[in-house]
Every structure is written in structure tokens, then in C-alpha cells.
Amino acid sequence: MFAKDLIGIQPRVEELESLLKLNSKKDDIQVLGVWGMGGIGKTTLASVLYDRISYQFDASCFIENFSDIYRNSGGRYGGATAVHKRILCQTMEEKNLDVYSPSEISGIVMNRLCDIKLLVVLDDIEEYEQLLELNIDPKSLLAGSRIIITTRDEHILKQYDADIIYKARFMDENDAHKLLCRKAFKNDHSNSIFQELVPEVLKHAQLLPLAIGVMGSFLYRRDAMQWRATLDGWQNNPNSGIMKVLQTSFEGLEQREREIF
Ligand SMILES: Nc1ncnc2c1ncn2[C@@H]1O[C@H](COP(=O)(O)OP(=O)(O)OP(=O)(O)O)[C@@H](O)[C@H]1O
Ligand SMILES: [Mg+2]
């Protein structure tokens, strides 16, 4: 998705950028963690931030869906190496890494990356052990370097001693309304036939961008009767269709937050 299609993202990105204190002489912020439930927009936020600031670093890399790469490459027995290779590809344009052993690759990562001003985004960390195996010590990176981590689990950030822990927030109500209209009508406003239906959809989607996007796209070009039938379906059977898709996100909610839904 293009940044221009995102809604309400600018102030949040600016907030994160200022938390990173990129021009501070003190350089006391090395690791920034962003956490929040699935679908709230962590990856989106981190990638817009990355596009905005990466030019200020000597090298940068964005490892999207870290846990997928890690798991699909053998977990504890190769996962970290797969991520190391990605980091080297993105930062050094290093292509011929297959000739090295996992421990050699790990060594290359630390040797090459510790004397440049580096930005690393590790998106979607599921377990602290994944960070341990990656073996990148923030303290040994050159001054001015930054590591940004996104995760659904705040505790991982505490274990990693993140300097700042930022909680991703739900959308503002106006932004949620706008996003739904863009998805359902390809327009920033609803037309009068749907005026009463839109708030009902928003009630189901709450202020979660993933839910608003999925529901809005589902309703695109359906008529008011179909909207009504769809809404009744969601109401009566919260475990079907779209609701199921969204379930994994909702399952990640803390009990306190869950009560809101
Ligand atoms: N500000 C926004 N405006 C419009 N769409 C958004 C916005 N933020 C996120 N989205 C959309 O919502 C969906 C979920 O966002 P994203 O993948 O960033 O969530 P996430 O927090 O990383 O979820 P997960 O924990 O599952 O990785 C995506 O389709 C994204 O394009
Ligand atoms: Mg994500």
C-alpha cells in the first residue's frame, strides 16, 4: 500500500521519529519497540517510518515478517541464519553467502555492521529467543545506529531491554470512518442509502484497521440489502467468514482490551 492511501499515519510516524532522537548527541535511544495486537498497523507504521528515516543511515534493512522467515527456515536450526542473510543482502548487497557456514555468516554480520551507522527493523518478533539467536548486540553497534522491533508481545521488548516501548493505538473514529468509506465505496464519504449502515459496520470492526479493511472490501459494490444481510450474519454468527479471519487478531487482545469488543 502507498503511504498516501494510509489514513492518520503521519502524526504517529512523526511521534515515533521524535522518540528515536535521531539527532541527539547523547545517543541513549538505541532500541525502539512497537507493540500491539494483530492488525492494528505495526508493520505499516514501521515501514512508513523506515521510508522516512532510512536515508540518514549508512546502511539499513527492514526484515518484514521476521517470524515467518525464521520459522520457515528451520526455526532454531537455521532461522537466524536466514535472517542474517537477508540483513547482509539488504545492507551490503552481498549475494554469495551460500559458501559460508552459519557461524561464519553470524560473524560477518557483526564484523561488517558494527562500524557503520545502521538502521535495522525487525518486524513481527514472536519470541525473545529469536532475538537472542540473532545475536546482534545493540551496545556494540556504532553510535547513531537504531534497532526497531515490532511485536504483539510487549514482554519480549522488556526482555530485550528496549529503551522505548511504544504501544500502537487504534484508529481515531474519524479515520476509521474514512477508511471504511474508501474500502466500501472507493470514496471518502458514504452515500445516503448507506448512512445508517456504515456506523453498524464500524461497530463490528471497532477501530482496528485490519478489520475495517477486510469488512469494507467485502462490502464493496454490494447493495444496501446485502449490507443488511451481511451485518445480520456477523451479528448472529461471529465465528463465520470474515469474523474467523479476524479472530487471530482479536485473540491477541489483553483481557482488559477484549472487554471493549
Ligand atoms: N493508517 C492506516 N490506514 C489504512 N490502512 C491501514 C492503516 N494501518 C494499517 N492499515 C492496514 O491494516 C492492515 C493491518 O496492518 P498491519 O499489517 O500493519 O498490522 P500489524 O499490526 O503489523 O499486524 P500483525 O501483528 O498481524 O503483523 C493492513 O492491511 C494495512 O494496510
Ligand atoms: Mg505485522
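Helices here are DSSP runs of H or I with at least four residues, numbered from the N terminus. The model is predicted.

**Elements around the ligand**

Two helices each supply at least two residues to the shell around ligand 1: H2 (42–53) and H10 (209–219). H2 gives the largest share, 3 residues. The shell holds 16 residues in total. Among them, the closest are Ile-7, Lys-42, Thr-43, Thr-44 and Arg-152. By class, the shell splits into 9 nonpolar, 5 polar and 2 charged residues.

**Placement**

Ligand 1 occupies the largest pocket. Domain 1 (3–167) and domain 2 (173–258) both contribute shell residues, so ligand 1 lies between the two domains.

**Polar contacts**

Three pairs of atoms are listed below. A pair of N or O atoms counts as a polar contact within 3.5 Å.

| Residue | Protein atom | Ligand 1 atom | Distance |
|---|---|---|---|
| Ile-7 | backbone N or O | nitrogen | 2.8 Å |
| Thr-43 | side-chain N or O | oxygen | 2.7 Å |
| Arg-152 | polar side-chain atom | oxygen | 2.7 Å |

Ile-7 uses a backbone atom, paired with a nitrogen of ligand 1. Thr-43 uses its side chain, paired with an oxygen of ligand 1. Arg-152 also reaches a ligand oxygen, through a polar side-chain atom. On its own, ligand 1 has 630 Å² of accessible area, and the protein covers 80% of that.

Conventions
Residues are numbered from 1 along each chain as its sequence is written. Chains are lettered from A and ligands numbered from 1 in the order in which they are written. This is a predicted model: local features need pLDDT of at least 70, side-chain atom pairs count only at pLDDT 80 or more; totals for chains, interfaces and linings use all residues. Side-chain values use heavy atoms; hydrogens and water are left out. A residue is near a molecule or strand if one of its heavy atoms lies within 4 Å of it. A polar contact is a pair of N or O atoms within 3.5 Å; within protein, one must be able to donate a hydrogen and the other to accept it, and residues adjacent in sequence count only if both atoms are side-chain atoms. Accessible areas come from the Shrake-Rupley method with a 1.4 Å probe; for residues, only the protein chains shown count as cover. On a 1 Å grid over the protein atoms alone, a cavity is a set of points where a 1.4 Å probe fits but cannot get out, and a pocket is an open set with protein on both sides within 12 Å along at least five of seven lines; lining residues have an atom within 4 Å of a point. A molecule sits in a cavity or pocket if more than half of its atoms lie within 2 Å of its grid points. Ala, Val, Leu, Ile, Met, Phe, Trp, Tyr, Cys and Pro count as nonpolar, Asp, Glu, Lys and Arg as charged, and the others, Gly among them, as polar. Domain bounds come from an automatic or database domain assignment.
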